[in-house]
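Q: I'd like to zoom in on just one thing here, the disulfides. How many disulfides does the count come to, and what is around them?

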Amino acid sequence: QVLVTESGGGLVQAGGSLRLSCKLSGLYSRWTFTDWHIGWFRQAPGKEREGVACITRGGLIPDYADSVKGRFTISRDNPEKTGNLQMNSLNAEDTATYYCAAAQTGYCSRSGVLTADDLYWGHGAIVTVSS
């Protein structure tokens with residue numbers, strides 16, 4: 001069983017920054033973290049979930065969602081088995097629950113969405129941006 005655990009959410013003022021992290025655990029011994037694509041999604045109250053950033057198992061980042069482009073940066077730390085999302089210049093529209101997802105199959109789309117049949121999800125980290 002693969003566990004995906006997010007951390008780093010919280011309350012921040014508009015214009016501020018937050019860094020979310022996503023750790024994978026429970027990997028079988030024959031699997032490694034570099035077998036996994038990592039994606040970040042968010043869901044604001046009353047809205048559908050949207051993908052915002054994705055990084056392939058090889059470290060490639062095709063692009064970001066237009067809503068976060070130039071402000072958010074996705075990265076991965078393979079020895080720590082962690083994916084990160086650095087969020088800068090936050091505004092009220094960024095308020096949402098942020099979910100990390102991991103997949104061994106699938107791909108990162110050109111709009112920054114992790115697309116796969118076998119997504120493993122975290123429980124989410126709440127980010128609130130006060131204006």
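A: The count comes to two disulfides, where a disulfide is a pair of cysteine sulfur atoms within 2.5 Å. Before we dig in, keep in mind that this is a predicted model: local features need pLDDT of at least 70 and side-chain atom pairs count only at pLDDT 80 or more, while totals for chains, interfaces and linings use all residues. Residues are numbered from 1 along each chain as its sequence is written, and side-chain values use heavy atoms, leaving out hydrogens and water.

Let's start with C22 and C100, whose sulfurs sit 2.0 Å apart. The torsion about their S-S bond is about -70°, so this disulfide is left-handed. C22 belongs to strand β3 and C100 to strand β8, so the pair ties together parts that are 78 residues apart in sequence. (Strands here are DSSP runs of E, at least two residues long, while helices are H or I runs of at least four, and both are numbered from the N terminus.) Both cysteines are buried, meaning under 20% relative accessible area; exposed is over 50% and partly exposed is in between, with a 1.4 Å probe and protein chains only.

Now for the other link, C54 to C108, with 1.9 Å from S to S. This one is left-handed too, with -65° about the S-S bond. C54 lies in strand β5 and C108 in strand β9 (residues 107-108), so the pair ties together parts that are 54 residues apart in sequence. C54 has a relative accessible area of 0% and is buried; C108 comes in at 10%, which also counts as buried. If you number the bonded cysteines in sequence order, the pairing reads 1-3, 2-4.

What about the strands that hold these cysteines? β5 (residues 50-55), home of C54, has five of its six residues buried. Its antiparallel partner is β4 (residues 37-43), joined to β5 by five bridges; two strands pair if DSSP finds at least two bridges between them. Within that pair, W40 is matched with A53. The two strands make a hairpin with six residues between them, and G46 in the turn has a positive phi of about 75°.

β3, home of C22, pairs antiparallel with β7 over six bridges, with R19 standing opposite Q86. Both strands sit in an open four-strand sheet, ordered β1-β3-β7-β6 with antiparallel pairing. Its edges are β1 (3-7) and β6, each pairing on one side only.

Finally, the cores. A nonpolar core is a set of buried Ala, Val, Leu, Ile, Met, Phe, Trp, Tyr and Cys residues joined through side-chain atoms within 4.5 Å. The largest has 32 residues, and L20, W40 and M87 are among those with the most contacts inside it. The elements giving it two or more residues include β3, β5 and β8. Apart from it lies another core of eight residues, and that is where C108 turns up, along with F41, L114 and A116 among others. As a general background point, nonpolar side chains in soluble globular proteins tend to be buried together.
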